[in-house]
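Colleague: I would like to learn how to read a model of two chains, beginning with the contact between them. Could you take me through it one feature at a time?

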Amino acid sequence: MSWFSDNGLLLGLATLDGLSYAAAIFMVAVGLNLIFGVLRVLNIAHGSFYAIGGYSAASLGLMFAARGLPAWAAFAALAIAAAIVGVLLGPPIARLLRRTQHQEPVLQLLVTFGLFMILEDLQKLIWGVQPIVFDRPLKLLGNVDVPFAGDLIPFTRYQLFVLPGIAIVTLVALAWTLRRTLFGRMLVAVTVDREAAISQGIDADRITMVTFTIGTALAALGGALSSATASLVPGVGAQTIVLSFAVVATAGLGQVEGAAITALLIGLGRSTAIYFAPELEVVIPYLIMVGVLLIRPQGLFGVIETRRI
Amino acid sequence: MLRLDEVTVEIAGVTVLRKVSLRVPPGGRIALIGRNGAGKTTTLRALMGLLPARHGTLAIDGRDCRDMPAHRRAALGVGYAPEERRLFGSFSVRQNILLPAEVLGLPEAEITRRVETMFDLLPELRELAPRRAAGLSGGQGKMVALGRAIMVGTRAILLDEPFQGLAPALALRYAEALLQLKSALPDVAILITESSPELLKPLVESTYVIERGEIAAA
Ligand SMILES: Nc1ncnc2c1ncn2[C@@H]1O[C@H](COP(=O)(O)OP(=O)(O)OP(=O)(O)O)[C@@H](O)[C@H]1O
Ligand SMILES: [Mg+2]
């Protein structure tokens, strides 16, 4: 009890930080997961979409501000940037990766790694290596005091409501789409058995393309949303993709709800480490991942396909 | 209805089908018999566009479809029940059956009509409809796969070793359903593969034999 009252403030901050971080990671991981399902290629460049989404949102937001556009335009900038990145980068990269679909996994990884390097360089070329800050959305909404274990913790409304809110909306929308719409059923069919799906008349290439674009836009949105909470620096894409891998592997493939819970677990684990054992920050997500995979190799929520039906 | 002319197919650099020619007339019932590894499945997959033909021509309903994307077969009225059922486990039986019809964007009334026709042929599927496909037995799965193929197979249905692994009673039931299919939908051509010709004799008009990727006898 006394430990709690002594550390209530830090614990509260860790929880709130973890929540908003989990929201951003979820947006990246869920897209990575859907894309792997339809394409069967683990796309390392997926982290670049996050970084480029962040930078684009910052540029667009700063441009809007410079032109004297009203406050809400700062929020619109986040969504617009994500959509542009998704539509611009998604289809051509999907087309490129589709060519590696029947190649060895090692070759696929090399191709996506090369792509990641190219996008990283492109990003440095456009935005340079100096940190870029665009915290207008954060400032606009101001702070709120969150009661936690007897303390009042000042925290930004943006991180408390906007980030988790959008992640929850994304989660619900995706789960609903997968279960209730024809597009969702086609996506699941292509994921489960591409050849059988094609025989049912499903244009698997089109489904792959659309899914890839959605996943790209979600990663970009994750980056755009986080751009308000932390300054953008080179390397942010690499850090994100590695964490998303951890989330996807821990959750198990093909899991939307599972990815959300796992993102929460890893986000909270990471932020707790930052406040209480900073030297563990980098390893905590992987400790969680390894721990889970040792006990459940198929992931927390993955199901073992016992037989082909 | 279905036509292969001197079709050669390679898988991973190995020639699996060698100049296979085969004809299924409209409404015709044809068997393709061959041992394990003879090339039956490969022939059907080539017809479905799931494997590219290295040489030769391939036509459905008189349309050259060698370079047509595989998924357009369904729109041409070709249904396919693969060897291993290949149902989507997380979907219900009903969702599995409806999927190809929904993908084709058929009108609601047409879908209902087809479902009813199919249920009349395979009444056991009515009860199975709400169940999850993952929970079906192998035999039940074969029935569902047949039902699903009937939903889009208005011109032709390809059945890959449908009797494999069916208990005798269920095999008889399956054969009976195929006979009824013949009278209920006389215009639908059927191509069935099997390793032995015995079960198919009363069901088909003629038989091709395939050996090591080549048609040995017609
Ligand atoms: N994906 C593949 N990779 C390599 N070889 C293959 C592949 N698919 C089929 N083959 C080879 O092609 C030949 C024909 O296979 P196919 O599956 O068409 O035979 P089948 O007549 O359907 O046999 P079965 O009765 O066992 O189903 C076999 O020798 C098989 O080894
Ligand atoms: Mg076979």
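Colleague: Which residue of chain B forms a salt bridge with A:Glu195, and how far apart are the closest N and O atoms?

Modeller: In this predicted model, A:Glu195 is paired with B:Arg45, and their closest N and O atoms are 2.8 Å apart, which lies within the 4 Å that the rule for a salt bridge allows. The rule finds three salt bridges across the interface of chain B and chain A, and it also finds three residue pairs in polar contact there, both residues of each pair being at pLDDT 80 or more.

Colleague: Which helices of chain B each supply at least two residues of the side that touches chain A?

Modeller: They are helix H2 (93–103) and helix H5 (138–152) of chain B, and the largest share of that side, five residues, comes from H2(B). Sorted by class, the side of chain B that touches chain A has 14 nonpolar, five polar and six charged residues.

Colleague: How many residues does each chain bring to the contact, and what area do the two chains bury between them?

Modeller: Chain B brings 25 residues and chain A brings 19 residues, while the area buried between the two chains is about 2100 Å², with 59% of it on carbon and sulfur atoms. Of the area that chain B buries against chain A, 30% is supplied by B:His71, B:Arg86 and B:Phe88, more than by any other three residues.

Colleague: Turning to single residues, is A:Asn43 buried or exposed?

Modeller: A:Asn43 has a relative accessible area of 0%, and therefore counts as buried, the cut-off being under 20%. This residue is found in the loop between helix H1 (2–39) and helix H2 (46–66) of chain A, and, leaving aside residues up to four places away in sequence, A:Asn43 touches A:Leu32, A:Phe49, A:Leu97, A:Thr112, A:Phe212 and A:Ile241.

Colleague: Where does B:Glu161 lie, and what is the phi of this residue?

Modeller: B:Glu161 lies in the loop between strand S7 (156–160) and helix H6 (168–184) of chain B, with phi near 40°, a positive value in a residue other than glycine. B:Arg212, in the loop between strand S9 (206–211) and strand S10 (214–217) of chain B, has a positive phi too, near 45°. B:Glu161 counts as buried at 3% relative accessibility, whereas B:Arg212 counts as exposed at 75%.

Colleague: What is the average pLDDT of chain A?

Modeller: Where pLDDT is low, predicted coordinates should not be read in detail. Chain A averages 90, with 96% of the residues scoring at least 70.

Notes: Residues are numbered from 1 along each chain as its sequence is written. Chains are lettered from A and ligands numbered from 1 in the order in which they are written. This is a predicted model: local features need pLDDT of at least 70, side-chain atom pairs count only at pLDDT 80 or more; totals for chains, interfaces and linings use all residues. Side-chain values use heavy atoms; hydrogens and water are left out. Contact means heavy atoms within 4.5 Å. Buried area is the accessible area (1.4 Å probe) that two parts lose on being put together, summed over both. A salt bridge is a side-chain nitrogen of Lys or Arg within 4 Å of a carboxyl oxygen of Asp or Glu. A polar contact is a pair of N or O atoms within 3.5 Å; within protein, one must be able to donate a hydrogen and the other to accept it, and residues adjacent in sequence count only if both atoms are side-chain atoms. Helices (H or I, at least four residues) and strands (E, at least two) are DSSP runs, numbered from the N terminus. Ala, Val, Leu, Ile, Met, Phe, Trp, Tyr, Cys and Pro count as nonpolar, Asp, Glu, Lys and Arg as charged, and the others, Gly among them, as polar. pLDDT is the predictor's confidence in each residue, from 0 to 100. Buried means under 20% relative accessible area, exposed over 50%, partly exposed in between (1.4 Å probe, protein chains only).
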